[in-house]
Amino acid sequence: MAELNAVEIRQVSKIFGFGEFAFAAVDNTSVSIRQNEFFTLLGPSGCGKTTLLRLIAGFEYPTSGEILLNGEDIAAMPPFKRPINTVFQSYALFPHMTVAENIGFGLMMLGKPKREINERVDAMLKLVRMEALAGRRTSQISGGQQQRVALARALAPQPKVLLLDEPLSALDYKLRKDMQIELKRLQAETGITFIFVTHDQEEALTMSDRIAVMSSGKILQVGNPREIYDAPADRFVADFIGETNFLKGRIGSVANGIADVDTPVAGRISATVPQDFHAEGEVTVVLRPEHATLCPPDRADASQMTGTLENVVYFGTDTHYHVRLSDGETLFTLREQNKPLQVARFAAGDRVGIALEANAARVLRN
Amino acid sequence: MTDAAGTIEAEQNRNIRKRWLLSLPALLIILVAATGPLLIVLLYSFLAPGPYGDVQWLPSFDGWVGVFMEKDIFDGTFSLASAHVSIFMRSVMLSLVTTILTLLVGFPTAYFIATRPEKTRELWLFMITIPFWTNLLIRTFAILEVIRNEGLINGLLLKSGLIAKPIQMLFTDGAILTGMVYVYLPLMVLPLYASMEKLDFRLVEAGYDLYATPFRVLRKIIIPLVKPGIIAGSILVFIPALGAYVTPSILGGGKNMMLGNLIELQFGQGRNWPLGSALSITLMLIVMVALLVYVRNAGSQGSRHG
């Protein structure tokens, strides 16, 4: 057998409440998290990702199912016995202790000798670049610094797995970007398995080795960021990750993983199909906004998709266009990267055509 | 420039005067209702006792001497008033034990209430305050009814055949302690609850997460964080317990006196108001010293963490 999975969730359910108020926060879910992986649980609020994290931490016990840590079932083990540490969303730093005391707390509870604790705390302070503030109270440091202390505190006892519960959500944009890089660095340096919970898809895509997309207590898809983005398993994943255009159509012939799909609004388009996919009749095709460009409406060779430009939104790096397609219903979003000194080619109200890049369209499973 | 500065200064003075004027009612109440009676007590302690109670307007230190010394009625020599000293010691000890017992019972109670869902907390708090609705005297007699030799407990034990003759529970220190813990428990629970309600229970989770056992979470995280509540509750219990009168007089009988009873005795049967006054002031001084020691200790412990 290959290397043991760091964490393995086997058919775990967590039901809150009783009788008619019973609610499955985690619904018969299984997932394996590999050693030294940066694994992200991604989903909207209330999807059960935090509950799953709390089950791994031991703050909740599963209603049914097994949780394995390096092959050992820990589902019934209390949190203070699990070699797993958590970075809390609110940081939960101890206000009656200094920065250094906070970082050393776990080691002290493990009964490590004082010298070892001091050495380790110093190393941790250095790792998160907080040496100068070791003696401060946690109320006397900024949000970003508190974040670093929370990280150092959770890493100090050298856990097998580090859990991070939306740790960046309280930081401002620039700090969040810095911390994303910092987290990746820490993960690489420590070699600890990170399980990261977020509702921010961009954060998930940029940081993760693999992502599990959750909704209503279930994991819908597990894969690396590229798989999740390029080959979403279903409509929810496609919709949640990035912006997506959905077009309905009838599937025609399939050859070499490419299908011809007849769509009422765009005519016949060729779309990639998932492996082992066999479907007849009505299907949904997804198109990412950045895989399409605007063109004059009479460029028949580019696309049969035409419509009226309703909205132009300038984002700095790129510009978003919202086009009302010829059926009068579908609002198609596309995104073009801005070039230096570019002059706007189209304005709201113009009739436009939409040109699709090769392999832009993909047939959704279901 | 100077004119402007002068106007600002005048304005400030006016403001200060206005503030004094507005706080005048409060100051008057403090002066008349709190300081005034105390001054009278202090004055009385330096006067001579009247023959039927009251005081004679003759300066005398007899009251203060009587606090610690007693005069032999035959030869007129002075010796240490061992009875008074032992009552002082007993009062302080019983109050300390009461405080510790209420803390031991009150802490889990307050924790229990603070960890209930928000809606049911009010109900629990309400139940804690129910004893306050009934007169202290009646509540104390209720305890007497339970623990006296012909009372509920002894009756049941006798009937069940576990004991042959009733256990003497009434008129013991244990009876006084039971009564005082019962009476003062809400005064401990309420400030403790107020602190615990503000406690961020995510910190408790963080403690568990960092390998702290439940006992260590209690010792290293919960207790340091609810310390203000522990201090407030202890003060609120210790002070009235030291001067308790009704409970020790009913449950302790005549012989197990506390300071409150001793003071009452001087103003009543003893007809020695100056001694009673001197004892009252002494009680106040003990409370003040105890408070100072306690608050300073607690304070320095708190700042050691910083």
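Visitor: Before we look at strand 7 of chain A, what makes a residue count as buried?

Guide: A residue is called buried if 20 or more other C-beta atoms lie within 10 Å of its own, and exposed if 12 or fewer do. Please keep in mind throughout that this is a predicted model, with an ipTM of 0.84 and a pTM of 0.82. By that cut-off, 5 of the 5 residues of strand 7 (residues 161-165) of chain A are buried, so the strand is largely enclosed by the rest of the structure.

Visitor: Which residues point one way from strand 7 of chain A, and which the other way?

Guide: A:V161, A:L163 and A:D165 are directed to one side of strand 7 of chain A, while A:L162 and A:L164 are directed to the other, and all of them are buried.

Visitor: Which strands pair with strand 7 of chain A, and in what sense?

Guide: Strand 6 (residues 84-87) of chain A pairs with strand 7 of chain A in the parallel sense over 4 bridges, and within that pairing A:N85 has A:L162 as its bridge partner. Strand 8 (residues 193-198) of chain A also runs parallel to strand 7 of chain A, joined to it by 5 bridges, and here A:L164 finds its bridge partner in A:F196. Between strand 7 and strand 8 of chain A the chain passes through helix 5 (residues 173-190) of chain A, making a β-α-β crossover that is right-handed.

Visitor: Turning to helices, how many residues of helix 1 of chain A are buried?

Guide: As a general idea, an α-helix has 3.6 residues a turn, so residues three or four places apart point the same way. In this case helix 1 (residues 49-57) of chain A is mostly covered, since 9 of its 9 residues are buried, and they include the charged-type names A:K49 and A:R54 as well as A:L52, A:L53 and A:I56. The helix is followed by A:G58, whose phi is positive, near 105°.

Visitor: Where else in the model is phi positive, in a residue other than glycine?

Guide: The general expectation is that most residues other than glycine have a negative phi. A:N256 has a positive phi, near 55°, and lies in the loop between strand 11 (245-255) and strand 12 (258-263) of chain A; with 7 other C-beta atoms within 10 Å, A:N256 is exposed. In chain B, the phi of B:D54 is near 60°, again a positive value, and B:D54 lies in the loop between strand 1 (47-49) and strand 2 (55-59) of chain B, where its 11 C-beta neighbours inside 10 Å make it count as exposed.

Visitor: How should I read the overall organisation of chain A, and which domains does its assignment give?

Guide: Chain A has 8 helices and 20 strands, and its C-alpha trace spans about 75 × 50 × 45 Å along the principal axes. The domain assignment gives domain 1 (7-235) and domain 2 (243-363), with 38 Å between their centres, taken over C-alpha atoms. Of the 366 residues of chain A, 40% count as buried, and among contacts between residues at least 6 apart in sequence, 65% join residues at least 24 apart.

Visitor: Is A:A348 buried or exposed, and which residues does A:A348 touch?

Guide: A:A348 lies in the loop between strand 18 (331-337) and strand 19 (351-356) of chain A, and with 11 other C-beta atoms within 10 Å it is exposed. Leaving aside residues up to four places away in sequence, A:A348 touches A:L309, A:E310, A:N311 and A:V312. A:A348 and A:D73 are 275 residues apart in sequence and 60 Å apart in space, C-alpha to C-alpha.

Visitor: How many residues of chain B are in contact with chain A, and where do they come from?

Guide: 16 residues of chain B are in contact with 18 residues of chain A. On the side of chain B that touches chain A, helix 9 (201-209) and helix 10 (214-225) of chain B each supply at least two residues, and helix 9 of chain B gives the largest share, 6 residues. By type, the residues of this side divide into 9 nonpolar, 3 polar and 4 charged.

Visitor: Where in chain B is the pLDDT below 50?

Guide: The mean pLDDT of chain B is 88, and 95% of its residues reach 70 or more, but over residues 302-306 of chain B the pLDDT is below 50, and this stretch has 5 contacts in the model beyond near neighbours in sequence. Where pLDDT is low, the predicted coordinates should not be read in detail.

Terms used: Residues are numbered from 1 along each chain as its sequence is written. Chains are lettered from A and ligands numbered from 1 in the order in which they are written. This is a predicted model: local features need pLDDT of at least 70, side-chain atom pairs count only at pLDDT 80 or more; totals for chains, interfaces and linings use all residues. Two strands pair if DSSP finds at least two bridges between them. A crossover is right-handed if, with the strands pointing away from the viewer, the path from the first strand over the helix to the second runs clockwise. Two residues are in contact if their C-beta atoms, placed from the backbone, lie within 7 Å. Domain bounds come from an automatic or database domain assignment. pLDDT is the predictor's confidence in each residue, from 0 to 100.
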